[in-house]
Amino acid sequence: ESGGNLDEALSLAQTAARELHDNPTARDTLGWVYYKKGSYRAAIDALKECVRQDSKSAVYHYHLGMAYLKNGEKAMAKASLSEALRLSQSFSGVDEAKQALAKL
């Protein structure tokens with residue numbers, strides 16, 4: 001998020017996700033790094049898993065929705081972004097989620 005080295009971030013996130021496989025936060029970080037790198041299919045795969053592990057997190061649904069959107073999967077993006085906004089109106093990225101949903 002702060003504009004650091006994405007390759008280094010990816011390496012660290014992969015290690016964390018592997019070591020903490022039951023931790024959805026580690027999987028979310030991995031998915032978001034994939035998203036930032038433009039690897040949307042890999043992002044979706046990682047983010048679907050963290051949503052499966054914790055379906056109550058608006059941030060996880062938001063991240064998944066944004067990855068779906070970038071991958072051209074509009075219906076899935078709409079469902080995930082809508083769920084994120086249903087769960088919370090005060091997460092990091094809420095404005096971006098609202099804007100993306102309005103365009104869908």
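**Group meeting: salt bridges and helix packing**

Let's start with Glu 83, which counts as partly exposed at 22% relative accessibility. Keep in mind that what we have on screen is a predicted model. For Glu 83, what I'd look at is its partner: the side chain meets that of Arg 86 in a salt bridge, 2.7 Å from N to O. Both residues sit in helix 5, and because they are three residues apart, about one helical turn separates them. Arg 86 itself is exposed, with a relative accessible area of 58%.

How many salt bridges does a search of the whole structure find? Three, so let me take you through the other two, because each has its own setting.

One of them is in helix 3, where Glu 49 and Arg 52 pair up at 2.5 Å, N to O. Here again we have two residues of one helix, three residues apart, about one turn. Glu 49 comes out as partly exposed, at 25% relative accessibility, and Arg 52 as exposed, at 59%.

Then there's Arg 41 with Glu 73, where the closest N and O atoms are 3.2 Å apart. This pair links distant parts of the chain: Arg 41 belongs to helix 3, residues 40-53, while Glu 73 is in the loop between helix 4 and helix 5, 32 residues apart from its partner. Are these two buried or exposed? Neither, really: Arg 41 is partly exposed at 41%, and Glu 73 is partly exposed too, at 25%.

OK, on to the helix packing. Two packed helices get described by the angle between their axes and the distance between the axes. With that in mind, let's go to helix 5 and helix 6.

The axes of helix 5 and helix 6 come within 10 Å and cross at roughly 135 degrees. That makes helix 5 oblique to helix 6, since an angle only counts as roughly antiparallel over 145. The crossing is left-handed. If you want to click through the contact, helix 5 brings Lys 78, Leu 81, Ser 82 and Leu 85, and helix 6 brings Val 94, Ala 97, Lys 98, Ala 100 and Leu 101. By class that gives six nonpolar, one polar and two charged residues.

Let me stay on Lys 78 for a second. You'll find it in helix 5, which covers residues 74-87. Leaving out residues up to four places away in sequence, Lys 78 touches Leu 101 and Leu 104. Lys 78 is partly exposed, though, with a relative accessible area of 44%. And if you need a sense of scale, Lys 78 and Asn 23 are 26 Å apart, C-alpha to C-alpha, with their positions 55 residues apart in sequence.

Now compare Ser 80, also in helix 5. Is Ser 80 buried or exposed? Buried: its relative accessibility is 8%, and the cut-off for buried is under 20%. Ignoring neighbours within four places, Ser 80 is in contact with His 61, Leu 64, Gly 65 and Tyr 68.

Next up, helix 4 and helix 6. The helices here are residues 58-70 and residues 94-103, and their axes come within 11 Å, crossing at roughly 40 degrees. Helix 4 and helix 6 are therefore oblique to each other; roughly parallel would have needed an angle under 35 degrees. This crossing, too, is left-handed. On the helix 4 side we have Tyr 62, Met 66 and Leu 69, and they meet Glu 96, Ala 97 and Ala 100 of helix 6. That contact divides into five nonpolar residues, no polar and one charged. Notice that Ala 97 and Ala 100 show up here and also in the contact with helix 5.

Last stop, over at helix 1, residues 6-19, where Ala 9 lies. Ala 9 counts as partly exposed, at 28% relative accessibility. Its C-alpha is 21 Å from that of Val 51, and the two are 42 residues apart along the chain.

To recap: three salt bridges in the whole structure, a left-handed crossing between helix 5 and helix 6, and a left-handed one between helix 4 and helix 6. That's my tour, thanks.

Terms used:
Residues are numbered from 1 along each chain as its sequence is written. This is a predicted model: local features need pLDDT of at least 70, side-chain atom pairs count only at pLDDT 80 or more; totals for chains, interfaces and linings use all residues. Side-chain values use heavy atoms; hydrogens and water are left out. Helices (H or I, at least four residues) and strands (E, at least two) are DSSP runs, numbered from the N terminus. Buried means under 20% relative accessible area, exposed over 50%, partly exposed in between (1.4 Å probe, protein chains only). Contact means heavy atoms within 4.5 Å. Axes are lines fitted to C-alpha atoms, for helices over the stretch in contact, and angles run from 0 to 180 degrees between N-to-C directions. Angles under 35 degrees count as roughly parallel, over 145 as roughly antiparallel, 65 to 115 as roughly perpendicular and the rest as oblique. A crossing is left-handed if the near helix is turned anticlockwise from the far one by less than a right angle, and right-handed if clockwise. Ala, Val, Leu, Ile, Met, Phe, Trp, Tyr, Cys and Pro count as nonpolar, Asp, Glu, Lys and Arg as charged, and the others, Gly among them, as polar. A salt bridge is a side-chain nitrogen of Lys or Arg within 4 Å of a carboxyl oxygen of Asp or Glu.
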